[in-house]
Amino acid sequence: MAKELHAQWCRDNQVTDESALYNASKGAEGDQTGDLPGNETIPFGPSSYDDSDAIGGAACVTDLTIEHEWLSATLPLSMICGPLLWFKNALLFIGGIAWLLIVFRRR
């Protein structure tokens, strides 16, 4: 039985190009990504961010026009931009208070 298992293992585990490449590089140390295509160093810090509107997106929804054969209707969604801005600020305020309660709550 041991001879059969040995023969089966040798038959199933032949050295291939992939296994030879793995065996050659498995003990490598240090940075192995230097020769990868597209490898570059990207600065990560405050200069990388667009802070023109730090609290959220500055775009407003436009009016939606729905057309169906002989009927055309326009939904004035741009009218809700002002209330949505206040709603966003209220949600941020409530979220900040919830954060304070979670982090600094006494037990």
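How many helices and strands does the secondary structure of the chain come to? I looked this up before anything else and got 3 helices and 2 strands. I note here that the model is predicted. Read from the N terminus, the order of the elements is α-α-β-β-α.

**Entry: surface**

I then turned to the chain as a whole. I find that 1% of its 107 residues are buried. For the accessible surface I have about 10500 Å², and carbon and sulfur atoms hold 62% of that.

**Entry: the strands**

I looked up how β1 and β2 pair. The two strands run antiparallel to each other, with 5 bridges between them. I placed β1 at 64–68 and β2 at 71–75. As one position in the pairing I noted E67, which has S72 of β2 opposite. The two strands form a hairpin with 2 residues between them.

**Entry: E69**

Where is E69 placed? I found E69 in the loop between β1 and β2. I checked its backbone and read a phi near 45°, which is positive although the residue is not glycine. I wrote this down because most residues other than glycine have a negative phi. In the hairpin, then, E69 is a residue with positive phi. I also asked whether E69 is buried or exposed. Its relative accessibility is 75%, and the cut-off for exposed is over 50%, so E69 counts as exposed.

**Entry: L75**

I moved on to L75, which lies in strand β2. Its relative accessible area is 38%. Buried would need under 20% and exposed over 50%, so I entered L75 as partly exposed. Which residues does L75 touch, leaving aside those up to four places away in sequence? I listed D63, L64 and I66. For D63 I also looked up the separation from L75: 12 residues in sequence, and 5.7 Å in space from C-alpha to C-alpha.

**Entry: aromatic rings**

Last, I searched the whole structure for aromatic pairs and found 1. The partners are W99 and F104, with ring centres 6.0 Å apart and planes at 90°. Why is the pair edge-to-face? Planes over 60 degrees apart count as edge-to-face, and these stand at 90°, so the pair gets that label. The centres also meet the distance limit, which is within 6.5 Å. I then checked the accessibility of F104 and read a relative accessible area of 57%. This is over 50%, so F104 is exposed.

Technical notes: Residues are numbered from 1 along each chain as its sequence is written. This is a predicted model: local features need pLDDT of at least 70, side-chain atom pairs count only at pLDDT 80 or more; totals for chains, interfaces and linings use all residues. Side-chain values use heavy atoms; hydrogens and water are left out. Rings of Phe, Tyr and Trp (its six-membered ring) pair if their centres lie within 6.5 Å; planes under 30 degrees apart count as stacked, over 60 as edge-to-face and the rest as tilted. Buried means under 20% relative accessible area, exposed over 50%, partly exposed in between (1.4 Å probe, protein chains only). Helices (H or I, at least four residues) and strands (E, at least two) are DSSP runs, numbered from the N terminus. Two strands pair if DSSP finds at least two bridges between them. Accessible areas come from the Shrake-Rupley method with a 1.4 Å probe; for residues, only the protein chains shown count as cover. Contact means heavy atoms within 4.5 Å.
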